[in-house]
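I opened the model today to look up how a few strands pair and how some helices are placed. These are my notes, entry by entry.

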Amino acid sequence: MSHLSARPENPVVGEALPHESAVLHVTGRALYTDDLHPRTKDVLHAWPVQSPHAHARVTQLEVCAAYEIPGVVRVLTAGDVPGVNDSGTKNDEPLFPDEVCFVGQAVCWVLGETLEAARLGAAEVRVDYEPLRSIVTIADAIKADSYQGATRTVRRGNAMSALARAAHTFTGEITFAGQEHFYLETHASLATVGDDGRVFVQSSTQHPTETQEIVAHVLGVGAHEVTVQCLRMGGGFGGKEEQPHGFAAVAALGATLTGRPVRVRLNRTQDLTMTGKRHGFHAAWRVGFDHDGHLVALQTTLTSDGGWSLDLSEPVLARALCHVDNAYWIPDVEIVGRVARTHKTSQTAFRGFGGPQGMLVTEDIIGRCAPLLGIEPHELRRRNFYTDGQTTPYGQVVHQTERLVRAWDQVTSTAELERRRGALAGFNAAHEHVKRGLAITPVKFGISFNFTAMNQGGALVHVYRDGTVLINHGGTEMGQGLHTKMLQVAATALGVPLSRVRLAPTRTDKVPNTSATAASAGADLNGGAIKDACEQILARLRPVAAERMEVPVEDVRFEGGEVRAGERSMPWAELVHTAYLSRVQLFAAGYYRTEGIHWDPEIMHGTPFKYFAYGVAAAEVEVDGFTGAYRTRRVDIVHDVGDSLSPLVDIGQIEGGFVQGAGWLTLEDLRWDESDDPERRGRLTTQSASTYKLPSLSEMPEELNVALLERAHEEGVVYGSKAVGEPPLMLAFSVREALRQACAAFGPTGHSVVLDSPATPEAVFWALDEARRAYRPAVPEPTELGHPVQVTQV
């Protein structure tokens, strides 16, 4: 067992503890970025002037009338930028554009004494536009050859030759929607300028270092002139990884120009219309199976909807290509990926970061092909699992596949799937207009940033003279429980009670050059760094303890707030005070880098992931044949989190991830106006909770059983744990596949159900209606590019 993953006796990690801010959350005392402005004197409020066009050239910008509104202090335009007028990392996102590329894009910002004054001032700004041709859908982009970034290919063997030899080949396509983050806290920044001109930005950001860099970039100063702090976020889900930078830059620019604090806080409609979402995708595929139902080859082209700029679209696409295989061995593969450029918000990171989109392609293929092969979907999935030693299409060796099998078998057993399948068949036979479906699906998700350089973390640990501890690390807290785990890691590493440890907000002047809190790697990276810092301190304290207790250094151990060596002991606080008097350093900067990974993005080959997280879910649904309405009756989950750092947090992440995934796959239907009306084209029509359906208690499974996989120690990771943030989202494939099974029950045996995504009640109704019509011959209707087509046997 490695030093990093080994646990001492009686560790604080592994205890089921509540979230470190739970009491603050439920009592309303938790402070978020926008709660700080009432505590700040002379704050100015910012309001954007937004474009009404999906694509247009700005021909005139007249701001004089805004200054006639009482309370308007300043209008920020491109001419005010002392540095570079760009808020992106690819130099393709002008902060103040002269060509607008989506409805809602900010052209300029008005600063006012009150938010109302700023709003009224923005309404007086005159902007003249020259409308340009706009592209709104992926289908339009493909037709217009509108792409951005690089086209990437993952290839192994010769898929074309293997398909020619396959016993069964099928072709199809699928278009599936993106997803709105809909975090409870919208984007917020508060910028102040110190007496020495240095800028301090409070930002709701998952990536403080990059926010710092972009603010400095816009202001034309060095990064050392800007400090960014993230107190906590009210949800992020990836939507605050790249998107906060521009809002922070606006606040910082306003503060430097006026000398007053500036607040930027989007209302819900602004947040929905101005910020990116999960990427929607289109996939066209051709797949081959042998006589026994084993996958032999896959050719597919994935096209993501990147929106108006690149943002994180290229790495999102790369992860999608690396997860098309999911848990399945496919000998010959050719996966092509490209990013479409459309005139919509710049789509960005979202929990799973392309992995869910890649997996959905293959899960959809198996769900559609299983009845045509005459094999039950659960058996077809199980038959194609990876085995240890096989490699992914991009060259990484797959290990721990027995964990996937154990999870699969555990769900099958504890959920009584065989018995319930029989009962379900009886129910469906007895009910003409209501059918039930039951499905089980696997997850294999790679953990680490695809961009190898980001797999590093830092921490700063202070031990005070009274023995109390303050930790600061590079990760941000967005409700996911990262800080809770880091407190447990520090308490375990130092051998002190949890009550002796506190955590400070994330700041770029405490821990520099941090990676985004993303890729599910927050606990791995920052936990490793905290453990390193704590061990540096213990290494200095051991000789002091040994001298004080007159024992060999190697006999000294730290546990439960005591320092012990054989029968001798002394309080931790006493040792710390003694060390201080002996002039021993009681603070340390820790560092961690993920070992054993490498990746060549040009050829899409290497070992990009430290390990894979595995999970299995089974879901049962009931569908109304008259309306397509459905309910999720029961869900059973077994998920691999290694040796959990904090079981209560991990179970909460699994439950939340599953529900968010079910929302993406079955409810949340992003819609943009695709009409030719120049006054409406490109507008987001689902720009509120009244038009964008989010999961609620009524969509929760009536019975939800979650278990952590046992005997799952992860070697070479902090205290043997595994990441948990993103992988559970893909457990929701079980719900979508259960809906497919229920729809199939309305039709004849062997009917292949084509199910749209999201599988809304409307989509489910059309799918089950098609199944019913399969009892009689029908003339096939023509289909448009981008719409799912019936699987055809070649």
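Entry one, a strand pair. I began in this predicted model with Ala565, which I found standing opposite Arg568 in E23. I then looked up the pairing around that position, and E22, residues 562-565, is joined to E23 by four bridges, the two strands running antiparallel.

Entry two, the sheet. Widening the view, I noted an open sheet of three strands in the order E21-E22-E23, with antiparallel pairing. Strand E21 (557-559) and strand E23 (568-571) are at the edges, and because each has a single partner strand, one side of each is left without a neighbour in the sheet. I also looked up the twist, and on average neighbouring strands of this sheet are turned by 25° against each other, direction ignored.

Entry three, a helix on the sheet. I recorded that helix H15, residues 572-581, lies across E21, E22 and E23, and that H15 runs at about 75° to E23.

Entry four, a helix pair. I turned to helix H9 (residues 355-373) and helix H17 (residues 733-744), whose axes come within 11 Å and cross at roughly 25°. As angles under 35 degrees count as roughly parallel, H9 and H17 are therefore roughly parallel to each other. I noted their crossing as right-handed. From H9 the contact takes in Pro356, Met359, Leu360, Glu363, Asp364, Gly367 and Arg368, and from H17 it takes in Phe733, Arg736, Glu737 and Arg740. Sorting the residues of this contact of H9 with H17, I have six charged, four nonpolar and one polar.

Methods:
Residues numbered from 1 in each chain as written. Predicted model: local features only at pLDDT ≥ 70, side-chain atom pairs only at ≥ 80, totals over all residues. Heavy atoms only, no water. Pairing = 2+ DSSP bridges. Axes fitted to C-alpha atoms, helices over the stretch in contact; angles between N-to-C directions. Contact = heavy atoms within 4.5 Å. Parallel < 35°, antiparallel > 145°, perpendicular 65-115°, else oblique. Left-handed = near helix turned anticlockwise from the far one by under 90°. Nonpolar A, V, L, I, M, F, W, Y, C, P; charged D, E, K, R; others polar.
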